[in-house]
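Reader: I am new to this structure and would like a close look at a single part of it, the nonpolar core. Please also show how that part sits in the whole.

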Amino acid sequence: MPTWLQLMLDSLPSLLWAGLTFTIPLTLLSFIFGLVLGLATAVARLFGPAPVVAIARFYVWVIRGTPLLVQLFVIFYGLPSAGILLDAFTAALIGFSLNVGAYTSEIIRAVIQSVPRGQWEAAYSIGMSWSQAMRRTILPQATRVAVPPLSNTFVSLVKDTSLAAAITVPEMFQTAQRIVATTYEPLILYILAALIYLAMSSVLSALQVRLERRFARYGGFLEARA
């Protein structure tokens with residue numbers, strides 16, 4: 001067996017374990033928290049009072065206007081100067097959640113605005129309150145439109161978690177870096193890490209397609225084509 005192949009096989013369990021214990025949990029938790037934050041931010045920008053709208057806009061402006069790596073460094077290396085100490089995983093989780101929240105808020109805001117005004121009026125005409133109309137009428141329709149861009153955000157997040165290696169989170173990419181430090185074979189190890197990320201992204205992309213088709217049954221492109 002070629003030496004490079006043997007090295008890949010020997011390193012694969014360590015990379016997969018790092019992905020299972022750090023990369024995947026970091027991705028899932030960051031997306032969930034970010035999605036909740038994004039929904040709250042979008043609703044605040046659309047329906048909140050002026051001071052709340054200003055705060056929400058400022059948050060989105062700052063996060064979208066600065067690199068994710070810089071945000072992680074500020075949280076992990078900068079906050080200790082202010083007396084706030086965070087472990088690496090928590091810092092990464094906060095950084096990714098804030099980043100996802102800013103980007104998903106723009107997606108959610110756009111899809112809520114895409115729901116025709118008549119849907120609000122129809123909900124109010126049958127006695128629904130604002131919160132009932134939002135939960136039962138607006139968000140279900142907006143969700144179908146939001147699935148593709150939110151799915152793309154999730155797939156991108158899987159790859160972006162590799163940046164957590166810069167703040168010492170022992171996720172998959174940093175595990176590859178540690179193996180490189182002992183084997184001196186960066187090309188082989190980084191290609192292996194890239195292949196694992198590619199496999200994960202491919203699986204998620206396939207699931208995205210199935211999810212889009214499922215939601216398309218309730219209206220949209222497939223219905224129009226039929």
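**The core and its surroundings**

Author: From the N terminus on, the elements of this predicted model run α-α-α-α-α-α-α-α-α. The count is 9 helices and 0 strands. The C-alpha trace spans about 70 × 55 × 25 Å along its principal axes. Of the 226 residues, 38% count as buried. Among contacts with a separation of 6 or more, 74% are between residues 24 or more positions apart.

Now to the core itself. The largest nonpolar core has 32 residues, and those that touch the most other members are Ala-92, Phe-96 and Ile-167. At least two residues of this core come from each of H1, helix H3 (68–78), helix H4 (88–114), helix H5 (117–125) and H6. H4 supplies the largest share, 10 residues.

Phe-96 is a useful place to look from. Leaving out residues up to four places away in sequence, Phe-96 touches Leu-26, Ser-30, Leu-68, Leu-72, Leu-157, Asp-160, Thr-161 and Ala-164. Apart from the largest core lies another core, of 14 residues, among them Met-8, Ile-179, Val-180 and Leu-189.

Aromatic rings offer a second view of the packing. The protein has 10 aromatic pairs. In one of them, the ring centres of Phe-31 and Phe-154 are 5.0 Å apart and the planes stand at 75°; an angle over 60 degrees counts as edge-to-face, so this pair is edge-to-face. Phe-31 belongs to helix H1 (residues 3–47) and Phe-154 to helix H6 (residues 130–160), so the pair ties together parts that are 123 residues apart in sequence. Buried means under 20% relative accessible area. Phe-31 counts as buried because its relative accessibility is 14%, and Phe-154 counts as buried because its value is 17%. Elsewhere, ring pairs link Phe-47, Trp-120, Tyr-124 and Trp-130 into a cluster.

H1 also holds Leu-12. Leu-12 and Leu-192 are 180 residues apart in sequence, yet their C-alpha atoms are 7.8 Å apart in space. Setting aside neighbours within four places in sequence, Leu-12 is in contact with Leu-192 and Ile-196. With 28% relative accessibility, Leu-12 counts as partly exposed.

Two loop residues deserve a look as well. Most residues other than glycine have a negative phi. Thr-168 is not a glycine, but has a positive phi of about 70°. Thr-168 sits in the loop between H6 and helix H7 (172–183), and at 40% relative accessibility Thr-168 counts as partly exposed. Tyr-184, also not a glycine, has a positive phi of about 60°. Tyr-184 is in the loop between H7 and helix H8 (186–216). Exposed means over 50% relative accessible area, and Tyr-184, at 68%, therefore counts as exposed.

Last, the outside of the protein. The accessible surface comes to about 12600 Å², and 68% of that surface belongs to carbon and sulfur atoms. The protein carries 15 positive and 9 negative charges, and the mean positions of the two groups are 14 Å apart.

Note on methods
Residues numbered from 1 in each chain as written. Predicted model: local features only at pLDDT ≥ 70, side-chain atom pairs only at ≥ 80, totals over all residues. Heavy atoms only, no water. Helix = DSSP H or I, 4+ residues; strand = E, 2+ residues; numbered from the N terminus. Buried < 20%, exposed > 50% of the residue type's maximum accessible area, 1.4 Å probe, protein only. Contact = heavy atoms within 4.5 Å. Areas by Shrake-Rupley, 256 points an atom, 1.4 Å probe, with all protein chains shown as cover. Lys, Arg positive; Asp, Glu negative; His and termini not counted. Charge placed at Lys NZ, Arg CZ, Asp CG, Glu CD. Phe/Tyr/Trp six-rings, centres within 6.5 Å; stacked < 30°, edge-to-face > 60°. Core = buried A, V, L, I, M, F, W, Y, C linked by side-chain atoms within 4.5 Å.
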